[in-house]
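Reader: I've got the sequence and the model open side by side. Can you walk me through the strands and the charged pairs?

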Amino acid sequence: MAAERLPTAIFKETHFKNRRNMRNFCPKSRAPANFSFRASQEPLDDDKNKFYKELGMFSLRKRIEDSVLRAEMLTPTALEFEEAKHVDQEEVIRDYDLWDDIGKSNEILGQLADSAKVVDTLRDLKYKAEEAKLITELAEMDNINYSLFKQAYTASLDLNKFLDKYEMSKLLKEPYDVEGACITIESRCGDTYSERWASQLAQMYMKWAERQGQAGRIVERCPSNNGGLKSATIELEFKFAYGYLSGERGVHSLIRRSEDTSALPEASLASVDVIPLFIESSADLSIDDEDMLVSYPSYCEDNPRRSRTSSAVHIQHIPTGLEVQSTGERSRFANKIKALNRLKAKLLVLLRDQGISCVESIKKGAPLDHWSRETRKYFFHPTKIVHDLRSGGQFPDVNAVLNGNLDPLIAAHINSRKSSTVI
């Protein structure tokens, strides 16, 4: 009766010790005793992992079922829509003389190729959903085969990943959303912590691009003496990059709170500006030469080590006061072209935001100062949380965000933009 009141683990441990002592006392029974010891320990290992294994199985099964259900609900409708769209584009090509306008022809053929790719992916999605469902059934028949469940889960991840991107692309209907993105990050002047924070933000956007299966390029950078960045410019040359990241414009604050609750929190600040990088079309805007003040700095003021024969180009738009520069190209001519394209992109975004059609209608001083508009706060103490001020959402995993997992923040911004448009 006393043994029954003991915890199971202690009872088994005592039982094992007694077995071991008997084995040493009776050499002839060594083998059977050894076998008995191994056999009795296997259930102990199984008991230890049983709860976690069952929990993992349940979680995997639930996620797979949710993904398959989502694919079965959305894919048929999306496939029907995209197939009809593809047929319409084919009819346009049949009725259009491709030799009349080579530029327009390339645009139409590019759209047709993109449409065909979406149709093929949606068709493949149907097979992936069926595959995930079949593998799940096989796993259950095979006495809950964990490896099969993992295989089905991998297939379900592919389902969700494409459906997320597909649904997001349907919401990106504003001008320039389909274009690439040019991101400029600037730290607060003279602040060591802000310069390091700017470097973290640059890496965050690079990691986000990597998660999308794309490559980002830091085309310009002004490093600080402490290993941070005074400024950096990143170019993302893939479709919808601007639509995804346009909500990143503004001030990003890293809030540091000390252990002393009476002390005020300290903030590291960096501004982020995002403009379209035209890859699907060209910046259709003409600017009078007399409205631009073009200068050629002999060196980068933020980086005295830069050669005095620098090819940097700085352009100021006199009517609006907008300023742009390009320092990443080898020649002044190339930098001037890039700086001019950046100026056009800034003006086009400004025209869109103000709902006007010509540059002359822009009011003096209308361009927004990115330092006056706070976009997001990142907290590390006492709680790790990201507060997005535009959408109002709060996200608990700040480390994941800094590692490039911006998709929840991007989705929240796009959905809030859609809601404000409907209202």
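Reader: Let's begin with the open sheet of three strands: in what order do its strands come?
Author: Keep in mind that this is a predicted model. The pairing in this sheet is antiparallel, and neighbouring strands are turned by 15 degrees against each other on average, direction ignored. The order is E6-E7-E8.

Reader: And which strands stand at the edges there?
Author: An edge strand has a single partner strand, so one side of it is left without a neighbour in the sheet. E6 (residues 292-295) is joined to E7 by four antiparallel bridges, and E7 pairs with E8 (residues 323-326) over four bridges, again in the antiparallel sense. That leaves these two at the edges: E6 and E8.

Reader: How many of the five residues of E7 are buried?
Author: Buried here means under 20% relative accessible area. E7 covers residues 313-317 and is largely enclosed by the rest of the structure, because the buried residues number four of the five.

Reader: Which residue in E7 does Val294 stand opposite?
Author: We're looking at the antiparallel pairing of E6 with E7. Ser295 stands opposite His314 in E7. For Val294, the residue standing opposite is Ile315.

Reader: On the E8 side, what is the bridge partner of Gln316?
Author: E7 and E8 form a hairpin with five residues between them. In the turn, Gly321 has a positive phi of about 85 degrees. Across the hairpin's pairing, the partner of Gln316 in E8 is Glu323.

Reader: At about what angle does H7 run to E8?
Author: H7 spans residues 332-354. The helix lies across E6, E7 and E8. Its angle to E8 is about 145 degrees.

Reader: What about E5: at what angle does H7 run to that strand?
Author: H7 also lies across E1 (180-187), E2, E3 (229-236) and E5 (266-277). With E5, the angle is about 100 degrees.

Reader: In what order do the eight strands of the other open sheet come?
Author: The pairing in this one is mixed. E2 (216-223) and E11 (394-395) stand at the edges, each with a single partner strand, so one side of each is left without a neighbour in the sheet. Reading across, the order is E2-E3-E1-E5-E4-E9-E10-E11.

Reader: Do E4 and E9 run parallel or antiparallel, and what is the bridge partner of His252 in E9?
Author: Five bridges join E4 to E9, and the two run parallel. Within that pairing, the partner of His252 is Arg376.

Reader: Which residue does Arg376 meet in a salt bridge?
Author: Arg376 lies in E9 (residues 374-379) and its partner in E10 (residues 385-388), so the pair ties together parts that are twelve residues apart in sequence. Both residues are buried. The N to O distance is 3.0 Å, and the partner is Asp388.

Reader: How many salt bridges does the structure hold?
Author: Some of them share partners, which joins Arg217, Glu220, Glu235, Glu237, Glu329, Lys338 and Arg342 into one network. Within it, Glu329 and Lys338 have their closest N and O atoms 2.8 Å apart. Glu329 is partly exposed at 29% relative accessibility, whereas Lys338 is buried at 17%. The total for the structure is 19.

Reader: Where does Arg249 find its salt-bridge partner, and how many residues apart are the two?
Author: The partner is Asp353, with the closest N and O atoms 3.7 Å apart. Arg249 is buried, with a relative accessible area of 11%, while Asp353 is partly exposed at 44%. Arg249 sits in the loop between H6 (241-245) and E4 (250-256). Asp353 is in helix H7, and the two are separated in sequence by 104 residues.

Reader: Last one: leaving aside its neighbours within four places in sequence, which residues is Pro265 in contact with?
Author: Pro265 has its place in the loop between E4 and E5 and is partly exposed, at 39% relative accessible area. Ile255 is ten residues away in sequence, yet the C-alpha atoms of the two are 6.5 Å apart in space. The contacts of Pro265 are Ile255, Arg256 and Arg257.

Terms used:
Residues numbered from 1 in each chain as written. Predicted model: local features only at pLDDT ≥ 70, side-chain atom pairs only at ≥ 80, totals over all residues. Heavy atoms only, no water. Salt bridge = Lys/Arg side-chain N within 4 Å of Asp/Glu carboxyl O. Buried < 20%, exposed > 50% of the residue type's maximum accessible area, 1.4 Å probe, protein only. Pairing = 2+ DSSP bridges. Contact = heavy atoms within 4.5 Å. Axes fitted to C-alpha atoms, helices over the stretch in contact; angles between N-to-C directions.
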